[in-house]
Amino acid sequence: MDIERRVAIVTGGGSGIGAAVARHLADAGARVVVADLDGAAADAVAQSISAGHADAAIGVRADAADTADITALIELAGTEFGPVDIYVANAGIAGAPGLDVSEAEWDLSFGINLRAHIRAAQLLVPDWIDRGAGYFLSTASAAGLLTQINSATYSVTKHAAVGFAEWLSVTYGDRGVRVSCLCPMGVDTPLLRAGQRSADPAANAAMRAVTTAGAVLTADAVAESVITAIGDERFLVLPHPEVLEMYRQKGADYDRWLAGMRRYQRIVTEGA
């Protein structure tokens, strides 16, 4: 897809990966609606974009998991810029660690890490099919291909996000809908830093598992990978290329991989 003159919505765009992707889309010529639960942060990112690209972005407060808010985002994009061409389902949460997690905490993780993607696709895909083109980018995680030490909520919902992105591509890829799924490991974002500062040993060990598995990339480096993937219409976006080899090892010998992950869990837990 040629990004120039396209209209994009980026959720979780007030900081981290979302903010970087919004900026890089604008640099490539797109007009962007930056959405975030923190409306002031979204507006600040949009203003910084517009300072370099006049009238190229608008910031708005929105709950990425709320159907009414997603509908409002699509309508706002249409009013300000035109029909939505690219939707970046980037908003996400780390979720509560451990097995003893409440139903409400599970619902919260499923809501933002998965159902937000489903609800956006339900609203956008029919129009994209009619127009013969559209792009859905799902921010999942390497945890969606592998797993996340100590966090069932994060691991399970990110696996589900990968699964939904796969299904979208298989089901609608021949009808003009393109899909990419972003699966990074450690990225220097507020989400990662919050985990590192956590007083909860389980949450701290979960972040240690991420930061010791490979390089911690900047959000800009990840955004560059996203822009390249959209240009190539490539499904799997792996800013950490070693994730592909880990994924292959998992599939080649699942029991050996599980044993290795249990060993790694002991290492990061003792280190925490």
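This report describes a predicted model, from its sheet and one helix to its salt bridges and a few single residues.

Residues are numbered from 1 along each chain as its sequence is written, and side-chain values use heavy atoms, with hydrogens and water left out. Because the model is predicted, local features need pLDDT of at least 70 and side-chain atom pairs count only at pLDDT 80 or more, while totals for chains, interfaces and linings use all residues.

## The sheet

Helices (H or I, at least four residues) and strands (E, at least two) are DSSP runs, numbered from the N terminus. Two strands pair if DSSP finds at least two bridges between them. Seven strands form an open sheet here. Their order is 3-2-1-4-5-6-7, and the pairing is parallel. Strand 3 and strand 7 (236-237) are the edge strands, each pairing on one side only.

How many bridges join strand 2 to strand 3? There are five, and the two strands run parallel. Asp 36 has Arg 61 in strand 3 as its bridge partner.

## Helix 2

Helix 2 covers residues 39-52, 14 residues in total. The expected span of a helix is 1.5 Å times one less than its number of residues. For helix 2 that gives 20 Å, and its end C-alpha atoms are 21 Å apart, which agrees.

Which residues of helix 2 are buried? They are Ala 41, Ala 42, Val 45, Ala 46 and Ile 49. These residues cover an arc of only 135° around the axis, so they sit on the same side of helix 2. The arc is that of the directions from the helix axis to the C-beta atoms. An α-helix has 3.6 residues a turn, so residues three or four places apart point the same way. Buried means under 20% relative accessible area, exposed over 50%, and partly exposed in between (1.4 Å probe, protein chains only).

The buried residues of helix 2 pack against helix 1 (16-27), strand 2 (31-36) and strand 3 (57-61). Contact means heavy atoms within 4.5 Å. On the other side of helix 2, Ala 40, Gln 47 and Ala 51 are exposed.

Asp 38 caps the N-terminal end of helix 2. One of its side-chain oxygens lies 3.2 Å from the backbone nitrogen of Ala 40.

## Salt bridges

Side chains of opposite charge can pair when their charged atoms come close. A salt bridge is a side-chain nitrogen of Lys or Arg within 4 Å of a carboxyl oxygen of Asp or Glu. A search of the whole structure finds six salt bridges. The table lists some of them.

| Acidic residue | Basic residue | N to O distance |
|---|---|---|
| Glu 4 | Arg 5 | 3.5 Å |
| Asp 85 | Arg 6 | 3.9 Å |
| Asp 127 | Arg 131 | 3.0 Å |

Glu 4 is partly exposed at 42% relative accessibility. Its partner Arg 5 is exposed, with a relative accessible area of 56%.

Arg 6 and Asp 85 meet in a salt bridge. This pair links distant parts of the chain, 79 residues apart. Arg 6 is in the segment before strand 1 (7-10), and Asp 85 is in the loop between helix 3 (67-80) and strand 4 (86-89). Is Asp 85 buried or exposed? Asp 85 is buried, with a relative accessible area of 9%. Arg 6 is partly exposed at 26%.

Asp 127 and Arg 131 lie four residues apart in helix 4 (residues 103-131), so about one helical turn separates them. Asp 127 is partly exposed at 35% relative accessibility. Arg 131 also counts as partly exposed, at 35%. Salt bridges that share partners join Arg 6, Asp 85, Asp 127 and Arg 131 into one network.

## Residues in loops

Asn 90 is found in the loop between strand 4 and helix 4. Asn 90 is buried, at 9% relative accessibility. What does Asn 90 touch, not counting residues up to four places away in sequence? Its contacts are Thr 11, Gly 12, Ile 17, Gly 18 and Thr 139.

Most residues other than glycine have a negative phi. Asp 55 is not a glycine, yet has a positive phi of about 55°. Asp 55 lies in the loop between helix 2 and strand 3, and is exposed at 66% relative accessibility.

Asn 150 has a positive phi of about 75°, although Asn 150 is not a glycine. Its loop runs between strand 5 (134-139) and helix 5 (152-172). Asn 150 is partly exposed, with a relative accessible area of 23%.

How values were computed:
Polar contact = N/O pair within 3.5 Å; in protein donor to acceptor, adjacent residues only side chain to side chain.
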